Amino acid sequence: MEIFYDLALLDAATLRELYLEARALGDAFVEYDNPDDLEEHLTRDFPLESMLENIRPREDNSFAFVSRLADLPDFITIGLPLPAFPFMTAYVELDTSLLVDFVKKYSLKLHTGSVTALLKKVRAMRTKK
């Protein structure tokens with residue numbers, strides 16, 4: 001299950017601040033797709049300056065609480081696509097204990113689609129009982 005928080009109201013400077021703070025506390029990497037081999041690749045060596053220059057408000061920026069994903073522990077993930085580098089996204093994965101702090105500091109609100117999806121799942125679970 002993923003619960004998304006809306007980053008749409010954050011300007012570029014605030015998104016960069018959020019990214020840098022999260023990066024200092026979590027596991028940061030860049031994921032890139034190679035259309036030739038249809039695989040996803042990760043790197044931790046992408047230049048920070050290039051990354052920061054490309055972090056800007058976009059509809060596909062994401063901040064999500066991820067729970068019960070396979071055998072993984074719950075975590076927070078932040079994804080910020082890098083428009084100058086097609087098929088590349090900067091990610092940071094964080095411990096869930098930081099969720100409330102980030103939500104409060106950056107005034108994050110639940111993404112409406114996430115709430116709707118969550119309510120549908122709860123209703124479906126109730127009707128199965």
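This text walks through the sheet of the structure, then its aromatic rings. The model is a predicted one.

Start with the sheet. It is open and has 7 strands, in the order 3-2-6-5-4-1-7. The pairing is antiparallel. Two strands form the edges: strand 3 (39-43) and strand 7 (109-110). Each of these edge strands pairs on one side only.

Now look at one edge. Strand 3 pairs with strand 2 (residues 27-34) in the antiparallel sense, over 5 bridges. Find Tyr32, and you will see His41 of strand 3 opposite. Helix 1 (residues 12-25) packs on the sheet. Helix 1 touches strand 2, strand 5 (75-81) and strand 6 (88-94). The directions of helix 1 and strand 6 make an angle of about 55 degrees.

Next, the rings. The whole structure holds 5 aromatic pairs. One of them joins Phe63 and Phe102, with 6.2 Å from centre to centre and 45 degrees between the planes. This pair is tilted. Phe63 lies in strand 4 (residues 62-66) and Phe102 in helix 3 (residues 99-105), so the pair ties together parts 39 residues apart in sequence.

Are these two rings' residues buried or exposed? Phe63 has a relative accessible area of 0%, and Phe102 has 1%. Buried means under 20%, so Phe63 and Phe102 are both buried.

Phe102 also pairs with Tyr106. Their ring centres are 6.0 Å apart and their planes are at 20 degrees. Stacked pairs have planes under 30 degrees apart, so this pair is stacked. Tyr106 is buried, as is Phe102.

Put the rings together. Ring pairs link Tyr5, Phe63, Phe102 and Tyr106 into a cluster.

Definitions and conventions: Residues are numbered from 1 along each chain as its sequence is written. This is a predicted model: local features need pLDDT of at least 70, side-chain atom pairs count only at pLDDT 80 or more; totals for chains, interfaces and linings use all residues. Side-chain values use heavy atoms; hydrogens and water are left out. Rings of Phe, Tyr and Trp (its six-membered ring) pair if their centres lie within 6.5 Å; planes under 30 degrees apart count as stacked, over 60 as edge-to-face and the rest as tilted. Helices (H or I, at least four residues) and strands (E, at least two) are DSSP runs, numbered from the N terminus. Buried means under 20% relative accessible area, exposed over 50%, partly exposed in between (1.4 Å probe, protein chains only). Two strands pair if DSSP finds at least two bridges between them. Contact means heavy atoms within 4.5 Å. Axes are lines fitted to C-alpha atoms, for helices over the stretch in contact, and angles run from 0 to 180 degrees between N-to-C directions.
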